[in-house]
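Welcome, and thanks for taking a look at this one with us. Please have the sequence and the 3D view open side by side as you read.

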Amino acid sequence: MTRALRLVVTTPDCLLVEADGVAAVRAEDESGSFGILPGHTDLLTVLTASVLRWRLDDGATRYCVVHGGTMTVSGGDRVAVACRQGELGDDLAALEARVHARRGAETDADRRARVEQMRLHTLAVRQLLRWLRPGSAVPAAFGDGDGEAEMGGAP
């Protein structure tokens, strides 16, 4: 079993972390928080917005906020994280507050998207009901099959 991990954290813009001598890594995905120790089996997972933590062999702990991304563990000693955005920091409470704010913003954006999707769905159903009403005009895009659309009053 290997004695230490090599951790690499990258964004599309830069290399955030390149650390040898890592004793343990803690990350978070949809299923919750988990840890990686030397000798871990190969793994691929999608990370949520969270604080990535790692402890060096000398006992020092480091932190990095990741705004989603992927984590791979390979060979029992290599951990690679590719994230959209990341930020290093020493104050765990401040980093966790940023993650909390980011998750709140993502939840709000998801909620707005669901509302808009429901609004569009409702409009589509209403339009279909107008078209299916007896005696209403068939839109040109939905002709009767011979290339001619029925002409009539407004739906």
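Two residues are in contact here when they have heavy atoms within 4.5 Å of each other. With that in hand, a good place to begin is threonine 48, in a model that is predicted. Threonine 48 sits in the loop between β4 and β5. Setting aside its neighbours within four places in sequence, its contacts are Glu28, Asp29, Glu30, Val66, Gly68 and Arg103. Is threonine 48 buried or exposed? Its relative accessibility is 15%, and since buried means under 20%, threonine 48 therefore counts as buried.

**The overall layout**

The protein chain holds one helix and nine strands, and along the sequence they follow the pattern β-β-β-β-β-β-β-β-β-α. Of the 155 residues in the chain, 27% are buried. Among contacts with a separation of 6 or more, 49% join residues 24 or more positions apart.

**How the strands pair**

Several antiparallel pairings are worth tracing in the viewer. Here they are together.

| Strand pair | Bridges | Residues standing opposite |
|---|---|---|
| β5 and β6 | six bridges | leucine 52 and cysteine 64 |
| β6 and β9 | four bridges | valine 66 and glycine 86 |
| β4 and β7 | five bridges | leucine 44 and threonine 72 |
| β7 and β8 | six bridges | methionine 71 and valine 81 |

Two of these pairs are hairpins whose backbone angles you may want to check. In the hairpin of β5 and β6, four residues lie between the strands, and glycine 59 takes a positive phi near 95°. The hairpin of β7 and β8 has three residues between its strands, with glycine 75 at a positive phi near 65°.

Strand β7 also shows an alternation of side chains. Gly69, Met71 and Val73 point to one face and are buried, while Thr70, Thr72 and Ser74 point to the other face and are not buried.

**The nonpolar cores**

Which residues have the most contacts inside the largest nonpolar core? In this core of 22 residues, they are Val9, Val22, Val25, Ile36, Leu52, Trp54 and Met71. The elements giving two or more residues to this core are β1 (5–10), β2 (15–29), β3 (32–36), β5, β6, β7 (69–74) and β8 (78–83). Strand β2 gives the most, with six residues.

Valine 9 offers a closer view. Beyond its neighbours within four places in sequence, valine 9 is in contact with Leu15, Leu16, Val17, Leu52, Cys64, Val81 and Cys83. Apart from this core lies another one of five residues, including Val51, Val65, Leu95 and Val99.

**The largest pocket**

Now for the empty space. Rolling a probe the size of a water molecule over the atoms reveals where such space is left. The largest pocket encloses about 210 Å³. Its lining has 13 residues, and those nearest the centre are Glu30, Leu47, Thr48, Ala49 and Glu106. Threonine 48, our starting point, is thus met again here, and Glu30 is one of its contacts.

What is the make-up of this lining by residue type? The lining of the largest pocket divides into three nonpolar, five polar and five charged residues. Both β4 (43–47) and α1 (92–132) supply at least two residues of the lining. The largest share, four residues, comes from α1.

Notes:
Residues are numbered from 1 along each chain as its sequence is written. This is a predicted model: local features need pLDDT of at least 70, side-chain atom pairs count only at pLDDT 80 or more; totals for chains, interfaces and linings use all residues. Side-chain values use heavy atoms; hydrogens and water are left out. Two strands pair if DSSP finds at least two bridges between them. On a 1 Å grid over the protein atoms alone, a cavity is a set of points where a 1.4 Å probe fits but cannot get out, and a pocket is an open set with protein on both sides within 12 Å along at least five of seven lines; lining residues have an atom within 4 Å of a point. Grid points are joined across faces, edges and corners, and a volume is the space filled by probe spheres set on the points. Ala, Val, Leu, Ile, Met, Phe, Trp, Tyr, Cys and Pro count as nonpolar, Asp, Glu, Lys and Arg as charged, and the others, Gly among them, as polar. A nonpolar core is a set of buried Ala, Val, Leu, Ile, Met, Phe, Trp, Tyr and Cys residues joined through side-chain atoms within 4.5 Å. Buried means under 20% relative accessible area, exposed over 50%, partly exposed in between (1.4 Å probe, protein chains only).
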